[in-house]
Amino acid sequence: MPELPEVEIVRQSLDKKIKQKKVKKVIVRNRNLRFKIPPDFTSSWNGQKITDVKRFSKYIIFCFSNKSYCLMHLGMSGTIHIINDNENNSITNTSFYSLPILPKKHSHIEIIFKKFKIIYNDPRRFGFFQIIKNKDQLKKRFEHLGPEPFQSEFNLKYILSFFKEKKKSIKNFLLDQNFVSGIGNIYANEILFLSKINPNKKVYLLKEKDCKKIIKNSKKVLFKAIRKGGSSIRDFKNTSGKMGNFQKDFNVYDRNGLSCKRLGCKGIIQKKVISNRSSFFCNFCQL
């Protein structure tokens, strides 16, 4: 599943291509995504100018000229492909965890502009689209989610209050979208490594200095991943055909049995399953 940095790269790619462009037509080939596409979906898009492409957490937000919105979530296997008219596009994929070209099957939605179209492809159909009528509804839609690590609300007071007397592990909290939005398994491992915190440590045992490290390193890891174009665990490429390369900077993720990269540390990276997710950590500097 794409995490916040990969979704941000998709947003940037789409924003460059479709901002201030008018939608000519939308074709729905399969309504049966995670949430069924409603009958008025195409009419909500047709004739609208895309005034902006925003993102919150792992959601992409298409902003329409009539002040309504459409949310898109890529789910487990959703990809967005940009196809220019009369061109043989070798690289179409703006998304993550999939082939860089448009697959022959599972293209469910086409959004057609002048001279190009955008195709949503999703073999597992866990992704979804949702029309939001106005700004108040948009705000309400995200009320259940915690702040992003970049937001000022993700601060020491918030974290200490959230963690008070809780016995869940810090790794589970970082993956809990009700606590903080947008962090997935890859980046949770990297954040905890930089913070020198064991992923299985219970949050009520964390000191104030530990929480400050989590705040700082959450921003640091995600900003760096965005700057490097995401993590190409498989074949992610953006619309310019460039692969994300943050995976070259992994300190712990997918490095089970290798030496710790921290200067002066003689530890070995361990792998442990916590709540059905693989956790990677150093057995020496993350005690």
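This section describes helix 1 and the salt bridges of a predicted model.

Helix 1 comprises residues 4-18, a run of 15 residues. The distance from its first C-alpha to its last reaches 21 Å, close to the 21 Å expected at 1.5 Å a residue. The helix is mostly covered, with 12 of its 15 residues buried. The buried positions include the hydrophobic side chains Leu4, Val7, Ile9, Val10, Leu14 and Ile18. Charged residues are also found among the buried positions of helix 1, namely Glu6, Glu8, Arg11 and Asp15, and the buried set is completed by Pro5 and Ser13. Just after the helix, glutamine 20 adopts a positive phi of about 70 degrees.

Nine salt bridges are present in the structure. Two of the buried residues of helix 1, Glu8 and Arg11, take part in a network of salt bridges that also links Arg55 and Glu148.

A further contact is formed by lysine 19, whose side chain makes a salt bridge with aspartate 52 at a closest N to O separation of 3.8 Å. This pair links distant parts of the chain, the two residues being 33 residues apart. Lysine 19 lies in the loop between helix 1 and strand 1 (25-28), whereas aspartate 52 belongs to strand 2 (residues 50-56). Both partners are classed as partly exposed: the relative accessible area is 34% for lysine 19 and 21% for aspartate 52. The value for aspartate 52 is 21%, and the residue therefore falls outside the buried class, which requires under 20%.

The salt bridge between lysine 168 and aspartate 176 has an N to O distance of 3.2 Å. Its two partners fall into separate accessibility classes. Lysine 168 is partly exposed, at 32% relative accessibility, while aspartate 176 is buried, with a relative accessible area of 18%. The assignment of aspartate 176 follows because 18% is under the 20% limit for a buried residue.

In helix 7 (residues 208-227), glutamate 208 and lysine 212 are four residues apart and are therefore separated by about one helical turn. Their side chains meet in a salt bridge with an N to O distance of 3.7 Å. Glutamate 208 is partly exposed, with a relative accessible area of 43%, and lysine 212 is likewise partly exposed, at 47% relative accessibility. Neither residue of this pair is classed as exposed, because that class requires a value over 50%.

Terms used
Residues are numbered from 1 along each chain as its sequence is written. This is a predicted model: local features need pLDDT of at least 70, side-chain atom pairs count only at pLDDT 80 or more; totals for chains, interfaces and linings use all residues. Side-chain values use heavy atoms; hydrogens and water are left out. The expected span of a helix is 1.5 Å times one less than its number of residues. Buried means under 20% relative accessible area, exposed over 50%, partly exposed in between (1.4 Å probe, protein chains only). A salt bridge is a side-chain nitrogen of Lys or Arg within 4 Å of a carboxyl oxygen of Asp or Glu.
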